[in-house]
Every structure is written in structure tokens, then in C-alpha cells.
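The following exercises are to be worked with the sequence and the coordinates at hand. Each task is followed by a solution in steps.

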Amino acid sequence: MFTAGTIVKVLVSNIPSAGYDYRLTAPAAIGTFVGVRVMNRICVGIVWGIGDSGLPHDKIKDVSLVYDAKIPVNDMQWILRMSEWTLIPMGMVLRLIVNIPDAFSPPRTEQLYSFNFDSNARITQNRQAIMDAFASNDNDPMTVADIQNIAHVSPSVIRTMIKNGGLIPGAQREKNIDSCIFTYQDLGNIKLNEQQQNAADTIGESIKSGGFSVYLLDGITGSGKTQVYFDSAWRAYSQGKSVLLMMPEIALTAQFMSRFESRFGAPPVVWHSNLTAARRREIWRGVLNGKIKIIVGTRSALFLPWQDLGLVVIDEEHDTSYKQEDMGNYHARDMAILRAKISGFPVVLASATPSAETLENVNIGKYKSLRLTSRYGGAQLPEITTIDLRENRPTSYMIGNVEQTGYLSPLLCDALSETLAQGHQAMLFINRRGFAPIVQCKKCGWTATCQECSVGMTYHKRIGKLLCHMCGRTAPLSKVCPDCGCDVYMRGIGLEKIQEEVTARFPNVRTALVSSDVITSRQVLERLVKQLEDGEIDIVIGTQILAKGHHFPNLTLVGIVDSDMGLFGTDFRAAEHTFQQLFQVAGRAGRGKYAGRVLLQTYQPTHPVLTAICSGDRDGFMRTDMMGRKAAQMPPYGMLIAIIIEGQKETVLQKYCQDLATAAPILHGAKIMGPITAQIYQIRNWYRMRFLVAGGTNMALQPVIERWISKVKQPVNIRVKIDVNPINFL
Ligand code: ADP
Ligand code: ZN
């Protein structure tokens with residue numbers, strides 16, 4: 001405990017530095033949250049230790065506020081180690097923790113609005129978005145700013161709705177609610193099967209004895225991993241520990257919440273990016289004062305100010321959404337494991353398709369694998385076969401009197417007919433949004449590209465426009481080439497094209513599209529899931545959004561329209577990711593009492609990814625894939641660090657990259673590649689160059705890179721992003 005008057009170092013949130021000295025105005029322990037003045041603003045910081053700036057005492061400012069809250073000393077160590085690993089400055093790591101506005105200010109008086117459900121107004125897209133924003137916050141009243149941020153609607157839309165009575169002004173003051181604080185009990189209504197019980201007991205032993213350990217809960221789709229980690233959560237909770245269940249945003253489904261509630265008697269507290277400022281504050285403080293003990297949340301929930309965290313579960317651990325790629329690159333799974341290692345508690349990674357990184361850690365004995373090898377309740381795994389498109393060629397079909405190229409083979413069409421005749425549902429998977437990815441002139445070669453990004457624009461029929469998938473800009477589709485006046489034509493296929501074909505071939509069938517263009521919030525997704533469950537949809541055509549966590553008992557056929565799409569990706573994880581994706585999609589079929597089947601359309605039926613999917617030989621496939629990576633010294637057998645440099649002026653960017661190249665250190669056992677132009681050279685008018693540093697896993701490359709970059713003067717309007725073990729190579 002430092003006494004009042006002591007000069008301490010304060011790590012300040014959102015300032016990219018390792019801290020500044022201040023004079024304490026009240027006693028405070030290490031880790032105490034304080035308010036300090038930085039350039040005339042009060043910022044939140046934590047007392048890091050004794051001051052070490054050596055500045056004369058009369059130059060040192062007083063701490064403005066000492067709060068009655070602190071973070072555990074172990075987590076300070078975690079901040080430091082995370083900063084060293086990711087090269088995110090410590091103050092910016094702290095900002096991930098102090099991730100709410102006005103963390104410590106008293107409840108504010110602000111005009112709040114409630115949604116008027118009685119209004120007879122037409123359900124427009126905007127009104128629906130606003131309704132969903134309220135729904136994702138338990139219909140609590142919201143400020144205009146919240147509505148704007150969560151529903152992504154313009155202020156004028158909100159003003160109009162207020163005028164029309166669609167939004168009703170309500171309480172002026174933010175409630176200081178305890179609505180998030182629940183007590184849980186194990187209702188004892190779940191009996192684990194033998195494999196589940198063994199896994200649960202093993203993890204339970206670790207929870208009981210404490211200490212760091214990592215378990216891979218490796219179970220096929222539908223094997224009941226959730227109930228196993230619920231058991232672990234219960235054991236940790238009943239010992240007074242806090243528990244974080246992390247999952248990808250799209251897996252935070254109502255189905256999941258109700259499973260949680262029916263096991264524990266109360267709903268979980270949910271943390272994700274679409275919460276109101278008031279709710280975020282309430283949850284943050286509830287976690288800080290130890291009243292909220294269990295959170296189900298996305299990757300940012302790891303950064304809540306946890307007290308006495310005793311278990312982190314990472315569901316779908318292979319999912320790339322755990323990798324944060326803007327505002328500081330980090331991998332939430334890895335950072336959770338780092339946190340657990342420092343604080344000494346177990347981590348459970350759950351997946352049906354674990355990442356190569358995790359499998360390697362099992363191989364070398366760092367993680368312990370617990371396997372669930374059969375579907376719960378005896379449901380059978382679907383039968384998976386390929387359709388060789390070289391032999392079973394799709395026939396053309398007609399729209400009006402125009403002949404169209406078909407993409408659905410006769411075999412797949414027959415399977416669809418049979419499924420529909422049985423009254424079951426089918427899913428067609430194609431991982432490409434829109435109608436056609438390329439719009440081109442056959443005569444002169446003109447191609448529709450984005451003005452601000454160096455990528456082509458995709459035609460989206462639903463909105464009747466061209467859309468840039470990089471920056472979201474839209475442009476009208478002109479029927480003729482702007483350069484030579486000839487007709488333009490569409491190349492390639494997207495979801496909407498397949499929907500058109502399905503509708504043409506099966507005129508009375510009810511279809512639904514599922515892609516990020518349509519599924520704009522979890523509420524929209526829930527509605528769609530409900531429609532599927534209620535049998536209001538016959539064929540769902542979608543990207544991978546539905547590939548996770550859902551359970552549709554009547555869905556018995558999955559057709560993969562273009563299995564070759566991901567096979568020839570440009571980075572070393574392409575095969576792994578394609579395998580995971582197809583495997584997960586296939587796992588949607590036949591989860592109920594009817595057997596399922598999966599058909600993969602391909603021109604490459606002997607490709608190892610596809611033969612492995614068909615035979616279900618995940619382990620064999622991953623073994624071969626990992627051998628290749630070992631030979632190439634790629635992760636997990638080597639380490640990569642990408643340095644992405646972006647600039648608004650090409651000349652300045654090129655010059656800076658040359659200067660960096662000149663100053664590049666000579667490394668033993670590691671090499672620096674680049675600079676090269678990034679695969680996508682321009683995004684939102686920023687030009688992009690990349691370096692890639694490759695070395696062994698045991699090399700401390702980060703300090704070398706930090707020194708290297710700090711040596712070269714960085715011009716204005718240049719951004720440098722460092723990505724340790726990148727997933728994205730664009
Ligand atoms: P996974 O996450 O491994 O794909 P789930 O946890 O979704 O599998 O389980 C599949 C289905 O089996 C779910 O409907 C789940 O409620 C049910 N289930 C799993 N384990 C049990 C159990 N021990 N008792 C009752 N139902 C279970
Ligand atoms: Zn663009």
C-alpha cells in the first residue's frame with residue numbers, strides 16, 4: 001500500500017506509453033484504478049508501481065481521483081506480457097480492459113427512449129433494425145446515441161421516429177440496476193453419458209486442485225460438448241470462482257441461452273458489441289465488484305476487469321473471429337491462455353475441428369485432449385459423398401426465354417427433390433455473398449472495381465447494386481461498359497445466383513438466403529432459425545453463418561455447391577480452414593432422428609481435403625497438413641510476424657518502406673521478407689505494403705522488430721500494424 005504523497009507510476013488507458021508519474025492524494029495499493037489528468041482530460045489509469053521518471057517533484061501532477069477498485073496484480077503481469085507478445089503498447093492493452101466510456105462516473109441524466117411496440121407504423125428496415133437493437137438489450141430504454149450505434153441508423157431516422165411516436169421518451173436517468181446479478185443453481189436435470197462424465201471429471205479435478213492447465217474438449221458435432229463445459233462452469237462457480245464462456249458472436253444464440261437457463265435456473269449475463277453504454281457499464285462494474293460471476297461473451301469479454309477468474313471456456317476454439325485485427329492485433333484464445341498461465345487456472349478449448357496450433361500443443365503434451373467420439377443420444381453422423389461435376393454436369397435452365405448456365409448437378413437436384421418429397425429441409429452452402437463476383441465487358445475487358453479499394457465489385461441482386469466487400473461502398477450497375485459501350489456480363493456465382501436457380505428449378509419451394517448482407521443482427525438470425533424450426537423454409541441457401549451451433553432436426557440434406565472454392569487459397573492455412581468449414585457445414589445434417597447426407601459438388605473429387613471430409617478422417621488429414629507445415633517451418637512449427645504499412649501517399653509509403661528495408665536487422669535463424677505490395681494494395685484509399693518476418697517458435701522476434709521500427713523515423717499519415725502469427729495475409 002502506498003501512502004498519500006507517494007510518487008507512483010500510473011499506466012494510463014488509451015495512451016500508447018508505459019505510464020507517467022503522479023503524486024497520490026490518498027493511499028492506494030498496486031493495481032488501484034485512478035483518474036489522472038492528461039492534457040486537460042481526466043483519464044482512467046492504474047497504479048503500476050513506484051514512480052521512476054526522476055522528474056523534480058514540483059513537476060509531478062497530483063492524481064485527481066483514487067477509486068475504490070483495483071485489478072489483481074497477476075493481471076498487471078498479464079498486461080505486460082500481452083504487450084510484449086503483441087507489441088500493442090501497454091496503455092493500449094489497458095484500454096482493452098477499460099473498454100467502456102466513463103467507467104467510474106456516476107449514473108448520468110440523459111434522455112432515454114423506449115420502443116413503441118403498439119405503434120401501427122409499417123415495419124421498415126430501419127424500424128426493424130431499431131427494434132432489434134432494443135431486443136438485444138432486453139428492451140431497456142436507450143439514448144439516441146445507443147440507438148444510432150447499435151441499429152446503425154441515421155439521426156434523422158431516429159428524429160422522425162420520435163416525432164411519429166415510434167420511440168417514446170421515458171426515464172431521464174440511467175437506472176443503477178442490478179438486473180444483471182443472478183444466482184445460479186445446478187438444477188440437476190442433465191445426466192452426462194460416460195464419455196461426457198469422464199471428460200467433466202478430469203476437468204473438474206483441475207478446477208478443484210487449481211493451477212494452470214489447458215484441456216482440448218475434442219468432440220464431433222452434436223456430441224454434447226456444451227453440457228460438459230457447463231459442468232465445469234458449475235464446478236468453478238460453486239467454488240466461488242468467476243467463469244467466462246467465450247464464443248463467436250454468431251454462436252450466442254437464443255438456443256444456447258435457454259440451454260444455459262434450463263440447466264442453471266437463470267439466464268447468463270451476455271457481453272457482446274451491441275450493448276448500450278449503460279448496460280456495458282453495469283456489466284463492467286458488476287464484474288469489477290465480483291457480483292457478476294458468469295459471463296457468456298465474445299472475445300472482448302476476456303478484457304472485463306475479472307476478479308478471481310477460475311475458468312475460461314473457449315467454444316469453437318479454431319474460429320478465426322477470436323483474432324482481433326483492427327486497433328491492435330491479438331488472438332483472444334492465446335491471450336486467455338496467457339492469462340490463465342499467469343493466474344493459475346484451467347482453460348477449456350472446445351471444437352469439432354481444432355486448429356493445428358492446438359493439436360500441436362496436444363501432441364507435445366502441453367494440452368490434454370478429452371475426446372467425445374459419438375453424437376449424443378445415438379444420432380448418426382451424416383453420409384458424405386462427392387459429386388464429380390466432370391461427369392454429372394449441371395444442365396442449363398430457363399428464366400423466361402433466356403437460357404441460363406446451371407450450377408446444380410442432376411444428382412444434387414434429385415437429392416433436393418427427394419428431400420422435399422419427404423417433407424424435410426435442405427441447406428445449400430456457398431461461401432460467396434451476392435449474385436456475381438465479377439462484372440466485366442467481354443469486348444474491352446473493363447471490370448467493375450471499387451474507387452477506393454483495389455478489388456472488384458460484386459453485383460448484389462437483392463439491392464440491385466454493385467457492392468465493394470472491402471469498404472461497403474455501393475455503385476449503380478450499368479448495363480453497358482462505360483469504356484466501349486458494349487454489354488457487360490456477370491461472371492462467377494454467389495448465393496443469390498443459386499437462389500435464382502433453385503427457384504427456377506423448384507418453383508413452389510420456399511427458400512431463404514443467409515449471409516451477412518441479410519443477417520444484420522442476431523435478432524434477424526433468431527427469426528430465421530425460428531422459421532427453419534417451424535418448417536416455414538424448405539431450402540436455405542447460405543454462407544457459413546448457419547454452420548455453427550444450430551440444431552435443425554428436420555434438416556437432412558446439405559449440398560456444398562462449390563467445394564473447390566477454398567481448395568487453392570493462397571496462405572498455408574487454406575486447406576485447414578476449408579476442411580474446418582466444410583466439416584462444420586456437413587455437421588448440420590441429420591442431427592435429429594432422421595439420417596442426414598451431405599453432397600459435395602467438385603471437379604477435384606480426389607483432393608485430400610475432400611477425401612478426408614468424406615471418410616471423416618480428420619486426424620489423418622490434419623497430420624498430413626501439419627507435416628507439410630513442419631517442412632515449411634510454418635506455424636505452429638515456426639513463427640510469423642507481419643508488418644503492414646499503410647499510407648495515403650504512395651511516394652511517402654514507398655520511401656518509408658525502403659528506409660525500413662535499409663535499416664532491417666540481420667537475423668540468425670530468421671528472415672525478413674519484403675517490402676511487397678499487399679495482396680489488396682488499396683483499401684479505403686490507403687495504400688498497403690507488407691513485410692513478413694519468419695523465424696523459429698523459440699525466438700524472441702518481437703523486441704528485435706520493435707527496435708528496428710523505432711529506429712526509422714515514421715512520416716505523418718503512415719500507419720504501422722504489427723500482426724504476430726497473422727491469420728489474414730491480404
Ligand atoms: P456439440 O456442441 O458437441 O455440437 P451439443 O452440446 O449441441 O453438441 O449437443 C447436441 C445435442 O445433444 C443438444 O441438443 C444437447 O442438448 C443434447 N445433449 C448433449 N448432452 C446431453 C445430456 N447429457 N443430456 C441431455 N441432452 C444432451
Ligand atoms: Zn471499396
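**Exercise 1.** How many Å separate an oxygen atom of ligand 1 from an N or O atom in the side chain of Arg 259? Extend the analysis to the backbone and to the burial of the ligand.

*Solution.* The model is a predicted one.

Step 1. The side chain of Arg 259 places an N or O atom 3.1 Å from an oxygen atom of ligand 1.

Step 2. Turn to the backbone. A polar backbone atom of Gly 222 is 2.6 Å from an oxygen atom of the ligand, and a backbone N or O atom of Ser 223 lies 3.3 Å from an oxygen atom of ligand 1.

Step 3. Ligand 1 exposes 550 Å² when taken alone, and the protein buries 81% of this area.

**Exercise 2.** Describe the residues around ligand 1.

*Solution.* Step 1. The shell holds 16 residues, of which Lys 191, Gln 196, Gly 222, Lys 225 and Thr 226 come nearest.

Step 2. By class, the shell comprises 4 nonpolar, 8 polar and 4 charged residues.

Step 3. Helix H7 (residues 225-238) supplies the largest share of the shell, with 3 residues.

**Exercise 3.** Determine the strand order of the sheet and locate the helix that packs on it.

*Solution.* Step 1. The open sheet has 5 strands in the order E2-E1-E4-E3-E5, paired antiparallel.

Step 2. Strands E2 (20-23) and E5 (65-70) are the edge strands, each pairing on one side only.

Step 3. Antiparallel strands E3 (residues 32-38) and E4 (residues 41-50) are joined by 6 bridges; Val 34 stands opposite Gly 45 in E4.

Step 4. Helix H2 (residues 90-97) packs on the sheet, touching E1 (7-12) and E4, and its direction makes about 70 degrees with that of E1.

Terms used:
Residues numbered from 1 in each chain as written. Chains lettered and ligands numbered in written order. Predicted model: local features only at pLDDT ≥ 70, side-chain atom pairs only at ≥ 80, totals over all residues. Heavy atoms only, no water. Pairing = 2+ DSSP bridges. Helix = DSSP H or I, 4+ residues; strand = E, 2+ residues; numbered from the N terminus. Contact = heavy atoms within 4.5 Å. Axes fitted to C-alpha atoms, helices over the stretch in contact; angles between N-to-C directions. Near = heavy atom within 4 Å. Polar contact = N/O pair within 3.5 Å; in protein donor to acceptor, adjacent residues only side chain to side chain. Areas by Shrake-Rupley, 256 points an atom, 1.4 Å probe, with all protein chains shown as cover. Nonpolar A, V, L, I, M, F, W, Y, C, P; charged D, E, K, R; others polar.
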